[in-house]
Structure formats: structure tokens, C-alpha cells
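Could you walk me through this protein at a first-year level? I would like to see how its parts fit together, one residue at a time.

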Amino acid sequence: MNILYRTAATATGGRTGHAATTDGAFSVALVTPKELGGAGGEGANPEQLFASGYAACFLGALRFVAAQRKVKIADDISVTAAVGIGPRDDGQGFGLDVALTIALPGIDAGLARELVEQAHVVCPYSHATRGGLDVRLTLAA
């Protein structure tokens with residue numbers, strides 16, 4: 001794969017801590033939600049960050065697919081990603097539940113479905129969540 005862009009972020013403190021990109025462009029306090037045994041309050045959690053990233057990425061994929069097909073889409077299209085977390089049915093840890101809601105005003109329902117299905121193929125988040133992710137583990141020197 002020809003990498004066109006790469007970023008890195010570091011988290012400290014786990015679910016209650018801090019995360020920031022190494023270039024300083026993004027920094028966030030992390031807070032564990034009450035539903036997961038934390039204090040809740042000001043800050044974000046990994047599920048919120050994943051939902052935001054997935055929604056933005058899928059929206060970008062949708063715009064890409066529409067442009068390739070020369071379909072004009074409105075500026076106010078939106079993607080909402082709902083992300084849940086809970087114990088996996090196999091008892092081996094935790095899993096995510098993800099649902100995308102896509103709003104394509106002014107687009108015929110059949111065409112909208114085609115665009116959404118094609119965006120689901122193009123979007124790297126969709127690709128990564130489809131059937132697993134190859135995670136490489138490296139110890140720092």
C-alpha cells in the first residue's frame with residue numbers, strides 16, 4: 001500500500017487520562033463514562049473518538065463515490081455513527097457495536113442506497129471493521 005498520509009497519537013492514563021497527536025494538532029482529556037464504571041464528566045472516550053472518525057471518514061468516502069459517479073450531492077449531507085461497547089458473547093473481552101445513519105437529502109432512494117453501499121466498500125474504517133484488522137505489535141527500543 002502506498003501510504004499517502006500518516007499520523008500518530010499517544011495516550012496516557014488509559015480510559016481516564018489524555019490523548020494527543022504527536023504533531024500537536026489534536027489534544028483531548030479522556031474520561032471513562034459512568035456506564036463503564038468511571039466518573040464521567042468533562043472529556044471524551046475512545047468510543048466517541050471512533051464514532052467521530054468513522055462518521056467523518058464515511059462522509060468523505062460518500063463524497064468521493066458521488067464525485068466519481070458525477071452525482072451532485074448537497075452540502076448538508078451527514079453521517080452519524082453510533083458506537084456501543086460491551087462484553088462479547090464469547091466472554092473473551094469487549095466488542096463494539098456500530099450503526100451508521102446517512103442523510104442524503106435530495107437524492108433518489110435507490111441512488112442513495114447505491115452510493116452508501118459503494119462508500120461502505122471505499123471507506124477505510126468500513127474496510128478495517130469488516131472481518132478484522134491486522135494489528136502489528138512492536139516493542140519500543
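**A walk through the fold**

Let us begin with Ile73, which touches Leu62, Arg63, Ala66, Leu104 and Ile107, leaving out residues up to four places away in sequence. Ile73 itself sits in the loop between helix 1 and strand 4. Is Ile73 buried or exposed? Its relative accessibility is 9%, and because buried means under 20%, Ile73 counts as buried. For a sense of distance, take Gly95: Ile73 and Gly95 are 22 residues apart in sequence, and their C-alpha atoms are 34 Å apart in space.

Now step back for the whole view, keeping in mind that this is a predicted model. The protein has three helices and five strands. Reading from the N terminus, the elements follow the order β-β-β-α-β-β-α-α. The C-alpha atoms fill a box of roughly 45 × 35 × 35 Å, taken along the principal axes. The protein has 141 residues, of which 26% count as buried. If you look at contacts between residues at least 6 apart in sequence, 40% of them join residues at least 24 apart.

The same loop that holds Ile73 also holds Lys70, for Lys70 too is placed between helix 1 and strand 4. Lys70 gives us a contrast in accessibility: with a value of 76%, Lys70 counts as exposed, whereas Ile73 counts as buried. There is something else to notice about the backbone here. Most residues other than glycine have a negative phi. Lys70 is not a glycine, yet its phi is positive, at about 55°.

Next, follow the chain back to the start of helix 1. Asn45 lies in the loop between strand 3 (27-30) and helix 1. With a relative accessible area of 9%, Asn45 is buried. What does the side chain of Asn45 reach? It reaches the backbone nitrogen of Glu47, at 3.0 Å. Beyond its neighbours within four places in sequence, Asn45 is in contact with Val31 and Pro33.

That brings us to Glu47, which belongs to helix 1 (residues 46-68). Glu47 has a relative accessibility of 10%, so it counts as buried. Which side chain does the side chain of Glu47 meet in a polar contact? The partner is the side chain of Arg15, at 2.5 Å. Arg15 also appears among the contacts of Glu47 outside its neighbours within four places in sequence, together with Leu36, Val83, Ile85 and Leu96.

A little further along is Leu49, also in helix 1. Leu49 has 31% relative accessibility and therefore counts as partly exposed. Setting aside residues up to four places away in sequence, Leu49 touches Phe26, Val28, Leu30 and Ala44. Phe94 lies 45 residues from Leu49 along the chain, and the C-alpha atoms of the two are separated by 17 Å.

Helix 1 also takes us to some aromatic rings. A pair of aromatic rings is described by the distance of the centres and the angle of the planes. Searching the whole structure turns up three aromatic pairs. In one of them, the rings of Phe50 and Tyr54 have centres 5.7 Å apart and planes at 75°, so this pair is edge-to-face. Phe50 and Tyr54 are four residues apart in helix 1, which means about one helical turn separates them. Phe50 counts as partly exposed, at 23% relative accessibility, while Tyr54 counts as buried, at 3%. Ring pairs also bring in Tyr125, linking Phe50, Tyr54 and Tyr125 into a cluster.

Tyr54 has one more part to play, in the meeting of two helices. Two packed helices are described by the angle between their axes and the distance between the axes. Here the axes of helix 1 and helix 2 (residues 109-122) come within 8 Å and cross at roughly 115°. The crossing is right-handed. Which residues of helix 1 take part? They are Tyr54, Phe58, Ala61, Leu62, Phe64, Val65 and Ala66, and in helix 2 they meet Leu115, Val116, Gln118, Ala119, His120 and Val122. Sorted by class, this contact has 11 nonpolar, two polar and no charged residues. Leu62 and Ala66 may look familiar: both are also touched by Ile73, where our walk began.

Terms used:
Residues are numbered from 1 along each chain as its sequence is written. This is a predicted model: local features need pLDDT of at least 70, side-chain atom pairs count only at pLDDT 80 or more; totals for chains, interfaces and linings use all residues. Side-chain values use heavy atoms; hydrogens and water are left out. Helices (H or I, at least four residues) and strands (E, at least two) are DSSP runs, numbered from the N terminus. Buried means under 20% relative accessible area, exposed over 50%, partly exposed in between (1.4 Å probe, protein chains only). A polar contact is a pair of N or O atoms within 3.5 Å; within protein, one must be able to donate a hydrogen and the other to accept it, and residues adjacent in sequence count only if both atoms are side-chain atoms. Contact means heavy atoms within 4.5 Å. Rings of Phe, Tyr and Trp (its six-membered ring) pair if their centres lie within 6.5 Å; planes under 30 degrees apart count as stacked, over 60 as edge-to-face and the rest as tilted. Axes are lines fitted to C-alpha atoms, for helices over the stretch in contact, and angles run from 0 to 180 degrees between N-to-C directions. A crossing is left-handed if the near helix is turned anticlockwise from the far one by less than a right angle, and right-handed if clockwise. Ala, Val, Leu, Ile, Met, Phe, Trp, Tyr, Cys and Pro count as nonpolar, Asp, Glu, Lys and Arg as charged, and the others, Gly among them, as polar.
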